[in-house]
Amino acid sequence: MRASIEVADILFFDTIENGQITRDDLGVDISPSDMREEAKRLLLSIVAEHPLPTDLNDFAVWVRDETGQCVFEASLTLVTRSLLAPA
């Protein structure tokens, strides 16, 4: 088990949209504090830029280190529903 993230590590930001994983094969050299902000920014951009296929949608960003171990997760469940009575 990894104790901490080093000052600057190559980290990979995988995205998950309703169970569909897209792996980051490039990675980025980023500090731990910047990693948290980047994961949140990426999560919000995924939600904003993609159509919502259902009324219940799960989104996540998993951050992996160079060994493949997940070191951080940001996730969001978005629920949408009409408040109008059916016609």
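Reader: Happy to dig in! What percentage of the 87 residues of the chain count as buried?

Author: This is a predicted model, and the answer rests on a cut-off: buried means under 20% relative accessible area. Applied to the 87 residues of the chain, that cut-off gives a buried share of 30%.

Reader: What radius of gyration does the chain have, set against a compact globule of 87 residues?

Author: The C-alpha trace spans about 55 × 25 × 20 Å along its principal axes. A compact globule of 87 residues would have a radius of gyration near 12 Å, whereas the value for the chain is 16 Å.

Reader: Which pattern of helices and strands does the chain follow along the sequence?

Author: Good place to get oriented! The chain contains 1 helix and 5 strands. Reading along the sequence, the order is β-β-β-α-β-β.

Reader: How much of the contact count, at a separation of 6 or more, comes from residues 24 or more positions apart?

Author: A contact here means heavy atoms within 4.5 Å. Among contacts in the chain with a separation of 6 or more, the share from residues 24 or more positions apart is 51%.

Reader: Is β1 mostly covered or mostly open, and how many of its residues are buried?

Author: β1 runs over residues 9-17. Buried again means under 20% relative accessible area. By that cut-off β1 is mostly covered, and of its 9 residues the number buried is 7.

Reader: Which strands does β1 pair with, and how many bridges join β1 to β4?

Author: β1 runs antiparallel to β2, with 3 bridges. It also runs antiparallel to β3 (residues 28-30), again with 3 bridges. The remaining partner to mention is β4, also antiparallel, and the bridges joining β1 to β4 number 6.

Reader: Which residue in β4 is the bridge partner of Glu 17?

Author: Glu 17 has bridge partners in two strands, so let us take them in turn. In β2, Glu 17 is bridged to Gln 20. In β4, the partner of Glu 17 is Phe 59.

Reader: And which residue of β3 is the bridge partner of Leu 11?

Author: Other positions of β1 can be followed in the same friendly fashion. Asp 14 stands opposite Trp 62 in β4. Leu 11 looks to β3 instead, where its bridge partner is Val 28.

Reader: What phi does Asn 18 have?

Author: Asn 18 sits in the loop between β1 and β2 (20-22). Those two strands form a hairpin with 2 residues between them, and Asn 18 is in the turn. Its relative accessibility is 33%, which means that it counts as partly exposed. Although Asn 18 is not a glycine, its phi is positive, at about 50°.

Reader: How many bridges join β4 to β5?

Author: β4 covers residues 56-64 and β5 covers residues 70-79. Within this pair, Leu 56 stands opposite Val 79, and Ala 60 stands opposite Ser 75. The two strands run antiparallel, and the number of bridges between them is 9.

Reader: Which residue in the hairpin of β4 and β5 takes a positive phi?

Author: This hairpin has 5 residues between its strands. The positive phi is near 95°, and the residue that takes it is Gly 68.

Reader: Is Glu 73 buried, partly exposed or exposed?

Author: Glu 73 lies in strand β5. Leaving out residues up to four places away in sequence, it touches Ala 60, Val 61 and Trp 62. The partly exposed class lies between 20% and 50% relative accessible area. At 46% relative accessibility, Glu 73 is therefore partly exposed.

Reader: How far apart in space are Glu 73 and Val 63, C-alpha to C-alpha?

Author: Along the sequence, Glu 73 and Val 63 are 10 residues apart. In space, their C-alpha to C-alpha distance is 6.2 Å.

Reader: Which residues does Cys 70 contact, apart from neighbours within four places in sequence?

Author: Cys 70 belongs to strand β5. It counts as partly exposed because its relative accessible area is 41%. Its C-alpha atom is 9.6 Å from that of Phe 13, a residue 57 positions away along the chain. With neighbours within four places set aside, the contacts of Cys 70 are Trp 62, Val 63 and Arg 64.

Reader: One last one for the electrostatics: how far apart are the mean positions of the positive and negative charges?

Author: The chain carries 7 positive and 16 negative charges. The distance between their mean positions is 5 Å.

Conventions
Residues numbered from 1 in each chain as written. Predicted model: local features only at pLDDT ≥ 70, side-chain atom pairs only at ≥ 80, totals over all residues. Heavy atoms only, no water. Helix = DSSP H or I, 4+ residues; strand = E, 2+ residues; numbered from the N terminus. Rg over C-alpha atoms; globule rule 2.2 N^0.38 Å. Buried < 20%, exposed > 50% of the residue type's maximum accessible area, 1.4 Å probe, protein only. Lys, Arg positive; Asp, Glu negative; His and termini not counted. Charge placed at Lys NZ, Arg CZ, Asp CG, Glu CD.
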